[in-house]
Amino acid sequence: MLNTTEVKMLQFRNLGDERGRLVVVEGGQDIPFEIKRVFYIYGSDPDVVRGKHANRRSEFILINVVGSSKVRVIDCSGNEIVISLNRPHTGIYLPAMVWKDMYDFSPDSVLLVLSNEHYDPNEYIRDFDEFRRVCKNGEA
Ligand code: TYD
């Protein structure tokens, strides 16, 4: 089963000159998949918890391009890690079949998310007990 050891911090090229910074993320090169979907989360209050799901197929890269947030990741073995996202040139890779909660959003937080899959609500597992059951039965 997939586990938190597959969660990876990625450093992206931070190019810049006197005009400012430019960060490059190329699908299949800087990240381990081709990008099919991009979305971003902003305007979440600091006491909001988002995510609260696992995905059967979707892998994600999370980048706080502005501000900061945290992500808690729980794998099928129950291993848990918390990662602070606070650099526009650092991403976190999350494999499929991990439970994730995003929280502690700074007021200016813009959390950019890249995925290897188009949106399909049927591959989201939004109930933690269901996640544990799918893990246990190796169904994903
Ligand atoms: P949700 O998955 O609850 O967001 P988060 O995990 O960040 O808390 O998504 C919120 C709404 O947006 C929900 O109605 C589904 C919809 N949505 C899409 O239509 N496409 C997408 O790619 C995503 C991520 C969400």
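This passage walks through the ligand site, a nonpolar surface patch, some notable backbone positions and the salt bridges of a predicted model.

A good place to begin is the ligand. Its surroundings consist of R37, F39, I41, R50, G51, H53, Y119, Y124 and R126. Sorted by character, this shell comprises four nonpolar, two polar and three charged residues. Two strands stand out as contributors, since strand 4 (37–42) and strand 5 (50–55) each provide at least two residues of the shell. Several polar atoms of the protein lie close to ligand oxygen atoms. In the side chain of R126, an N or O atom is 2.8 Å from an oxygen atom of the ligand. For G51 the partner is a backbone N or O atom, which lies 3.0 Å from a ligand oxygen, while R50 places a polar side-chain atom 3.1 Å from an oxygen of the ligand. Taken alone, the ligand exposes 520 Å², and 60% of that is buried by the protein.

Turning to the surface, I35, V38, Y40 and Y42 make up a nonpolar patch of about 440 Å². V38, one of these residues, belongs to strand 4. With a relative accessible area of 48%, V38 is classed as partly exposed because exposed residues must be over 50%.

Strand 5 also holds K52, a residue with a backbone feature worth a look. Although K52 is not a glycine, its phi is positive, at about 55°. The relative accessible area of K52 is 45%, so this residue counts as partly exposed. The backbone nitrogen of K52 lies 3.5 Å from a polar side-chain atom of D101. A positive phi of about 55° is also found at D104, again not a glycine. D104 sits in the loop between strand 10 and strand 11 (110–115), and is partly exposed at 36% relative accessible area.

D101 itself is part of strand 10 (residues 99–103). At 9% relative accessibility, D101 falls under the 20% cut-off and therefore counts as buried. The side chain of D101 also meets that of R72 in a salt bridge, with an N to O distance of 3.0 Å. This pair links distant parts of the chain, as D101 in strand 10 and R72 in strand 7 (residues 69–74) are 29 residues apart. R72 is partly exposed, at 22% relative accessibility.

In total, the model contains ten salt bridges. One of them joins D17 and R19, whose closest N and O atoms are 2.7 Å apart. Here D17 is partly exposed at 37% relative accessibility, whereas R19 is exposed at 73%. Another connects R133 with E130, the closest N and O atoms lying 3.2 Å apart. These two residues are separated by about one helical turn because they are three residues apart in helix 1 (residues 128–137). Both ends of this bridge are partly exposed, with 36% relative accessible area for R133 and 26% for E130. A network of salt bridges links R13, E26 and D30.

Finally, E123 is located in the loop between strand 11 and strand 12 (124–125). Despite its loop position, E123 is buried, with a relative accessibility of 1%. From C-alpha to C-alpha, E123 and N14 are 34 Å apart in space, and 109 residues separate them in sequence.

Notes. Residues are numbered from 1 along each chain as its sequence is written. This is a predicted model: local features need pLDDT of at least 70, side-chain atom pairs count only at pLDDT 80 or more; totals for chains, interfaces and linings use all residues. Side-chain values use heavy atoms; hydrogens and water are left out. A residue is near a molecule or strand if one of its heavy atoms lies within 4 Å of it. A polar contact is a pair of N or O atoms within 3.5 Å; within protein, one must be able to donate a hydrogen and the other to accept it, and residues adjacent in sequence count only if both atoms are side-chain atoms. Accessible areas come from the Shrake-Rupley method with a 1.4 Å probe; for residues, only the protein chains shown count as cover. Helices (H or I, at least four residues) and strands (E, at least two) are DSSP runs, numbered from the N terminus. Ala, Val, Leu, Ile, Met, Phe, Trp, Tyr, Cys and Pro count as nonpolar, Asp, Glu, Lys and Arg as charged, and the others, Gly among them, as polar. Patches are made of residues with over 30% relative accessible area and no salt bridge: like charges are joined within 9 Å, nonpolar side chains (Val, Leu, Ile, Met, Phe, Trp, Tyr) within 5 Å. A salt bridge is a side-chain nitrogen of Lys or Arg within 4 Å of a carboxyl oxygen of Asp or Glu. Buried means under 20% relative accessible area, exposed over 50%, partly exposed in between (1.4 Å probe, protein chains only).
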